[in-house]
Amino acid sequence: MPARKLFVAGNWKMNPANVEAARALAAGVRDGVGTSAEVEVALGCPAVYLSAVSEVLSDSPIGLGGQNMYWAKDGAYTGEISASMLLDQGCTHVILGHSERRHGMGETDEQVNKKLKAALEAGLYPIVCLGETLEERESDRTEAVVAAQLQGSLAGLTPEEMNKVVLAYEPVWAIGTGKTASPEQAQAVHAFIRKKLGEAFGEKTAGLVKIQYGGSVKPDNALELLSCPDIDGALVGGACLKAADFLAIIEAGKKASASK
Ligand code: PGA
């Protein structure tokens, strides 16, 4: 068993098309996972499906996550959803700072940080995403960008709080493009993130925090990626929309765990 239990999470994004399809997808994953606890699993679903998916997942070890939330507890924030609302719908997790929100909706590190603190205060386990664009990688700024995202997004957290946070390194150029970072490229950034966590929160916390890789993880590349020493799981987009593919990635996680 590795020091950090592998964690495979699905990010359904704005899919599937209706609640029946959402129930069916969740049921397929639930039935495939069974009671197995070798790899931690969670599904990040559109908010409107959370309650239905939560019912499907009751009696299963699979966690349930929102894909975003707002930091205020309640009030005049049209269209927003609070951490306690996510909890009320059966959520255990929430994905924060996904690149599609950072780059598509202009979400900043400061906003991610406020959401993160509100999620932790409410008792949700946050998955905080970060990663560089192609232009940033090509101009050799990957480490600087990732370091700045870590510093801004995690500002003010105590080591105890940080122990409850999962990070997802998702190079923007690899998300939904079919281009995966090579295991060497991903491992290098994961090791850099862990080094930065050590400087900010101490070695003990740095050794405990799970860092998922995300960006075109598929059944045929999952084992190589998940076998890297500092890759502790995957955040899966496209390939989590078919239960069989997602289950194959979880199986790869089990294999990788056995050899870590
Ligand atoms: P992808 O998405 O697996 O489709 O690249 C990953 C993500 O956005 O979390």
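A polar contact is a pair of N or O atoms within 3.5 Å; within protein, one must be able to donate a hydrogen and the other to accept it, and residues adjacent in sequence count only if both atoms are side-chain atoms. The model is predicted, so local features need pLDDT of at least 70 and side-chain atom pairs count only at pLDDT 80 or more, while totals for chains, interfaces and linings use all residues. Residues are numbered from 1 along each chain as its sequence is written, and side-chain values use heavy atoms, with hydrogens and water left out.

Three polar contacts to oxygen atoms of the ligand can be followed. A polar side-chain atom of H98 lies 2.6 Å from one such atom. From the backbone, a polar atom of G237 is 2.8 Å from a ligand oxygen, and an N or O atom of G238 also lies 2.8 Å from a ligand oxygen. Taken alone the ligand exposes 280 Å², of which the protein buries 97%; these areas come from the Shrake-Rupley method with a 1.4 Å probe.

Around the ligand there are 13 residues, and K13, H98, E170, G176 and S216 come nearest; a residue counts as near if one of its heavy atoms lies within 4 Å. The shell comprises four nonpolar, seven polar and two charged residues, with Gly counted among the polar ones.

S216 sits in the loop between β7 (211-214) and α11 (222-226). S216 is buried, at a relative accessible area of 9%, where buried means under 20%. A polar atom of the S216 side chain lies 2.7 Å from the backbone oxygen of A174. Beyond its neighbours within four places in sequence, S216 is in contact (heavy atoms within 4.5 Å) with A174, G176, T177, G178, K179, T180 and N221.

How values were computed:
Helices (H or I, at least four residues) and strands (E, at least two) are DSSP runs, numbered from the N terminus. Buried means under 20% relative accessible area, exposed over 50%, partly exposed in between (1.4 Å probe, protein chains only).
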